[in-house]
Amino acid sequence: MRNFRRIRILTGRRIGILAGRRIGILAGMALSVSASALGAYASEPTTPPVPAQFPAEGKIKYVARDSILEFKALPEYHEPDWVTEKYVKTGKLPPVKDRLPKEPLVFKTANMPDGIGVYGDTMRHVIGGRPEGWNYGAGQTQGWGGIDIGLSECLTRTAPLFQVEAKDTEPLPNLAKSWDWSKDGHTLTMHLVEGAKWSDGVAFNADDVMFYWDDEVVDPNVSPLNGATAETFGVGTTLKKIDDYTVEWTFKDAFPKQYLYAMAYGTFCPGPAHILKPQHPKYSKNTYDQFKNAFPPEYMNMPVMGAWVPVEYRPDDIIVLRRNPYYWKVDEKGNQLPYLNELHYKLSTWADRDVQAVAGAADFSNLEQPENFVASLKRAADKDAPARLAFGPRLIGYNLRMNFSANGWGNPDERGQAIRELNRNEDFRKGITMALDRKALGDSLVKGPFTAIYPGGFSSGTSFYDRNSTVYYPFDLEGAKAELAKAGLKDTDGDGIVNFPAGTAGGKDVEIVMLVNNDYTTDKSLAEGVVAQMEKLGLRIVLNGLNGTQRDATQYSGRFDWLIRRNEQELTSVVQNTVQLAPVGPKTSWDHRAPESGQVDLMPFEKDLVGIVNKFVSSSDNDERASLMKEFQKISTEHVYNVGLTEYPGALIINKRFSNIPQGTPIFMFNWAEDSIVRERVFVAADKQQKYELFPEQLPGKPGDKGPTN
């Protein structure tokens, strides 16, 4: 309750200051100015204020896209000596050259900040999530914090693109080593890496890709972890196998290169079909719940294409990953990656992650909760501090999102349906955004130049952001109340809360249930601030605080009125998951999806947004794409499509002993920093290595066996 009261006090103080200023302004104006004219002036939309300068922001070193990696055979290959001695020479493993593809993915030395690395050591993480199991494709979380990123590999890769100039930006090859477009642009032929293997030695091929597509993405009874649906890759898109290492996409639009971004993490990361398929209801007597839960967190050595394999799980204690002996990437000297032998994930809280990383008890954290900024900066400023802190651009934003579905998604009751009709009323939305004192919300999280006023739409740190195309309705409580009155809401019983009109939801007080993620202090603090500020407006907000997994399930099923959501990739990079910007398909939007009928009841301006997104996806003209996103930003913010709350930069906390950390790495842009730093290339110099490994000189065992093999 401490944060709740603090926000209320700040809000009241802010209102008093603004009211005082307004009185001073009125004293100098002609007495003939009418109250209605004053209201119109006070509510005038404008552009958002320019954010304060933030000198701690790191600068990105830009490189050419083709300087990062390539696929080619090398004259010789190497691995840690202990792998050769204990596993190859004893016949437990084939030689490393036989475990690699014909042409492995080769990271170029020139793009490695510290060059070729050495083997050894551990990267220690702390996370606040808990694993459900290892069935990513069926919707199970592995606990977040970079675990799924360390296990998963996808058709393309985008995280390292933060260091590539916008004009050169296109997803990097990954499991798909190359692709060709047909002359008419409707067919895309993808060539998969040939000879790559899962961590248990079974060949990876097109069957794994097709199982993910046919039996997880397209199957309406399965929801992959990051929400991939068929529409993620374009309405009407099909995929088929040509041969073991070739698949063919067919699109309705010509040259929709945008969907290459959707083939990266986390919407096209296939799992091991040889393990998953026998458990799927189509091929067994299992129910879909049994399929989803067939690989609980206690199931060890789940086959992966990633650089590390889960070998140890202790509930509420730790998850341990060991190096994948079949990993299919190398450096230019032929050293099989990764350099690091082991990853740890201590199961604690998200706030503890920052504390332990700054203190040196953990090695890595995305500092994303502003409540920890000041203390972390002070600690990192000490010359003897074990970790370094690097802030990036303002790419972390929070939105209040409204459920716009008025035709049945989530099966709302009478009150819920009435709220959705209000959400679709533009006067109501303007009232909400005008009633938010964003300065007070930001200050309640952290003082200083960190937070900025954020009206909604694109994050100001993305290259597609245009301030002059952004419509901002300044804080004006009286003007906000006038907008609610225009929407037909009045306090008819005198209790300070507006009522539904007679004949709607019994004319009761307007009560709105707001979904919030209980895993993060920032989310809860912002939610409590919104509750306090909406009470001043005359709305009663009831919080439905759930943990991340429950929150996601509630959101995806449409069982919410409002929700607080941190910005995803479509608002930070724009080119990734672009279809989530608007309801271009029945399930692409976060807050406006179709019920079982399959129809989305678009508002008129949403139709314009859908048209813009579709044009953007099919365009390869960079100038046209920039212009389209300016138009999108204007329409979106003018009609208050989402209600921005605040935005701020994040900081990468990394122990100083680690090398090959790219300069200016943002904690979140195309993906989280765990992927952006390319962990498989990260190493610790021999003289800085520590004895943190829990399973030294051991490799993953057989799928389902307990622990690693010795």
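In which sense do β16 and strand β20 (residues 643-648) pair, and over how many bridges? They pair in the antiparallel sense over five bridges, where two strands pair if DSSP finds at least two bridges between them. Before selecting anything, note that this is a predicted model, in which local features need pLDDT of at least 70 and side-chain atom pairs count only at pLDDT 80 or more, while totals for chains, interfaces and linings use all residues. Residues are numbered from 1 along each chain as its sequence is written, and side-chain values use heavy atoms, with hydrogens and water left out.

**Strand β16 and its partners**

Select residues 396-402, which make up strand β16; helices (H or I, at least four residues) and strands (E, at least two) are DSSP runs, numbered from the N terminus. Seven of the seven residues of this strand are buried, a word that means under 20% relative accessible area, with exposed over 50% and partly exposed in between (1.4 Å probe, protein chains only). In a regular strand the side chains alternate between the two faces of the sheet. Here Ile-396, Tyr-398, Leu-400 and Met-402 point one way, and Gly-397, Asn-399 and Arg-401 the other way.

Add β20 to the view, and look for Gly-644 opposite Asn-399. Then add strand β19 (residues 562-566), which runs antiparallel to β16 and is joined to it by five bridges; there, Leu-563 is the bridge partner of Arg-401.

**Aromatic pairs**

The whole structure holds 29 aromatic pairs, counted when the ring centres of Phe, Tyr or Trp (its six-membered ring) lie within 6.5 Å; planes under 30 degrees apart count as stacked, over 60 as edge-to-face and the rest as tilted. Select Phe-251 and Tyr-259, a stacked pair at 5.8 Å centre to centre with 15 degrees between the planes. Phe-251 counts as buried because its relative accessibility is 4%, and Tyr-259 counts as buried at 6%.

Move next to Tyr-556 and Trp-590, which are also stacked, at 6.3 Å centre to centre and 20 degrees between the planes. Tyr-556 lies in helix α17 (residues 548-556) and Trp-590 in the loop between α18 (569-572) and α19 (604-618), so this pair ties together parts that are 34 residues apart in sequence. Tyr-556 is partly exposed, with a relative accessible area of 25%, whereas Trp-590 counts as buried at 5%.

**Charges over rings**

Finally, select Lys-277, which lies over the face of Tyr-283 at 4.8 Å from the ring centre; a charge sits over a ring if NZ of Lys or CZ of Arg is within 6 Å of the ring centre and within 35 degrees of the ring normal. The charged end of Arg-566 sits over the ring of Tyr-520, 5.0 Å from its centre.
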